[in-house]
Amino acid sequence: MEAAAELALRLRAAANDRLARYEPLALVAAPLLALLVARALHAAANAVADRGLVAIAIAAVKLLPGVSGYIAAEKKKVVDKMQSGGGAKNDRRAELPTIGLAEQVIEELETLKSKDVDWQGKCSGTVYIAGSESEGHFELINKAYSMFSHTNPLHQDVFKSVATMEAEVVAMTAALLGSKEKSSGGQICGNMTSGGTESILLAVKTTRDYMRSKKGITKPEMIMAESAHSAYDKAAEYFNIKVRRVPVNKEFLADVKGFKRCINGNTIMMIGSAPGFPHGLIDPIEELGELASRYDICLHVDLCLGGFVLPFARKLGYPIPPFDFSVKGVTSISSDVHKYGLAPKGTSIVLYRNHEIRKHQFVAVTEWTGGLYVSPTMAGSRPGGLIAGAWAAMMSLGLNGYLDSTSRIMEVSKKIQRGIGEIPGLFVIGKPDMTVVAFASDVVDIFEVNDILSSKGWHLNALQRPNSLHICVTLQHTTIYNQFLKDLQDSVNTVKANPGPISGGMAPIYGAAGKMPDRGTVRELLVEFMDSSC
């Protein structure tokens, strides 16, 4: 003990002797300066990690005289090109008519509607119900909507019917997605929303607040595959959450090992898709659930596309891997009724494993002079007509109706998948689990193929990483899929014989956007296009 004390005294004396040659101000300033330098280096390292050296270098180049002006001029050219296929913004009405049109307004609506493209059968996704809007199932849900178009579930004391229908739509959807399974815990609950994006936004916001309450996390992060829907990026921007984006594996699925490497003390949730929008592939939900349980974090499953297909496909005998609340670790699910649920546009469901989590979705205000206020979703007033339309769709179809529609679209999806595989120069991406078939080419420019298809009236989705296209198969395609395969074959042959962009085509823009290392400029292009379009 005495030896240690003596050593300490000698070290203290030596330190004082060495520091005596410096000014006191310098001794105070040196550690402060070192702290500032360390913080600057830390900030720089974070910037490089988030943006990359290339993006930072390009941002610096933009500051050079003349560069920013040149880039702005080129961006305008691209935006003008992107707008060339839309209606002229200057032709839009900007003021109320002096004298109201009365019943003549219907004629005006018919005129506007006549300018829409012929969407029946030739759009990827978009319209999921078969036939035209004046017959069959279309007519039924339109009638249901009109019966309740004046209602608003915000006023539950007045419109009790709408409150009942919403509760039943949520409960029926939950039953499809595992609420009746013992492993679900028996507390599955949720609400109707305006669409998949709102369901996702609510799930992310709710999880953020739940994990802050449970773990005290104030700098939240979420982990998702590159294939996860862009609505999660929107949620991250809205709710100040850092995204850790993980490349997909060689099967184009979420990389579980990559997810695990990203988990830290700030992780609140992971995202799994069933299926993912780009390629129609189901992520390994069971493995992600095990990871979520092990690290006590949340797992949201995106079933916006699959919620009204996968449960029925499984009943029909298709090899569907686990995807719902029967999987341990799944804490929330989003599922669109307005897609394969065949309900009117603007209807989706967000579900939670228990009420403890869902309570963090609600906003309650106690100090407003207008009285006590509580709201379950983002919107206050909501269209009761859409709730009635969704209820009518589900009740009119029933289990047998959904089994029939699922059987038809799954069968056609497999035929399209096989047909694409038989076209020389094309290949299907991954092994599609459902009704989305993505395809690419190592022989022709797939975006040039898309331009030719567009000239034939088709509207497919253009994808990137890799450059590819996909078709989301709906009931609209069940009578026209042979024509699609023929037009696709002809389009590939045309590009093979005459490679290069066609006049008015978008292939050069899509191709260039995919290759640009400065993603900031691509983002600016998208923002400029949106700002000038609406």
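Ile409 is a residue of helix 14, and in this predicted model the side chain offers a useful starting point for describing how separate stretches of the chain meet. With a relative accessible area of 2%, Ile409 is buried, because buried residues are those under 20%. Leaving aside residues up to four places away in sequence, Ile409 touches Val309, Tyr340, Thr435, Val473, Thr474, Leu475 and Thr478. One of these partners, Tyr340, is 69 residues away from Ile409 along the chain, and the C-alpha atoms of the two are separated by 9.8 Å.

**Overall architecture**

The protein has 534 residues, of which 43% count as buried, and its secondary structure consists of 18 helices and 13 strands. Among contacts with a separation of 6 or more, 71% are made by residues 24 or more positions apart. The accessible surface comes to about 28,500 Å², and carbon and sulfur atoms contribute 57% of this area.

**Aromatic pairs**

Seven aromatic pairs are present in the structure. In one of them, the rings of Phe308 and Tyr402 have centres 5.8 Å apart and planes at 50°, so the pair is classed as tilted. Phe308 lies in the loop between strand 5 (298-302) and helix 12 (310-315), whereas Tyr402 belongs to helix 14 (residues 384-421), so the pair ties together parts that are 94 residues apart in sequence. Both Phe308 and Tyr402 are buried. Another pair, formed by Trp458 and Phe484, is edge-to-face, with 5.1 Å from centre to centre and 70° between the planes. This pair also links distant parts of the chain, since Trp458 sits in the loop between helix 15 (446-455) and strand 12 (461-463) while Phe484 is in helix 16 (residues 481-497), 26 residues apart. Trp458 is buried at a relative accessible area of 1%, and Phe484 likewise counts as buried at 1% relative accessibility. Ring pairs also join Phe308, Phe312 and Tyr402 into a cluster.

**Backbone features in loops**

Two cis peptide bonds that precede proline are listed below.

| Peptide bond | Omega | Place of the proline |
|---|---|---|
| Ala274 to Pro275, cis | near -5° | Pro275: loop between strand 4 (267-273) and helix 11 (285-295) |
| Arg465 to Pro466, cis | about 5° | Pro466: loop between strand 12 and strand 13 (468-472) |

Arg465, which is joined to Pro466 by a cis peptide bond, has a further backbone feature, namely a positive phi of about 55° although it is not a glycine. Arg465 is located in the loop between strand 12 and strand 13, and with a relative accessible area of 54% this residue is exposed. Asp296, also not a glycine, has a positive phi of about 55°, and its place is in the loop between helix 11 and strand 5. At a relative accessible area of 36%, Asp296 is partly exposed.

**A nonpolar surface patch**

On the surface, Leu33, Leu36, Val37 and Leu41 form a nonpolar patch, with about 410 Å² of accessible area together. Val37, one of its members, is found in helix 2 (residues 24-51). The relative accessible area of Val37 is 43%, so this residue is partly exposed, falling between the 20% limit for buried and the 50% limit for exposed residues. Ile409 in helix 14, by comparison, has a relative accessible area of 2% and is buried.

Technical notes. Residues numbered from 1 in each chain as written. Predicted model: local features only at pLDDT ≥ 70, side-chain atom pairs only at ≥ 80, totals over all residues. Heavy atoms only, no water. Patch = residues over 30% accessible without salt bridge, like charges linked within 9 Å, V, L, I, M, F, W, Y side chains within 5 Å. Areas by Shrake-Rupley, 256 points an atom, 1.4 Å probe, with all protein chains shown as cover. Salt bridge = Lys/Arg side-chain N within 4 Å of Asp/Glu carboxyl O. Helix = DSSP H or I, 4+ residues; strand = E, 2+ residues; numbered from the N terminus. Buried < 20%, exposed > 50% of the residue type's maximum accessible area, 1.4 Å probe, protein only. Contact = heavy atoms within 4.5 Å. Phe/Tyr/Trp six-rings, centres within 6.5 Å; stacked < 30°, edge-to-face > 60°.
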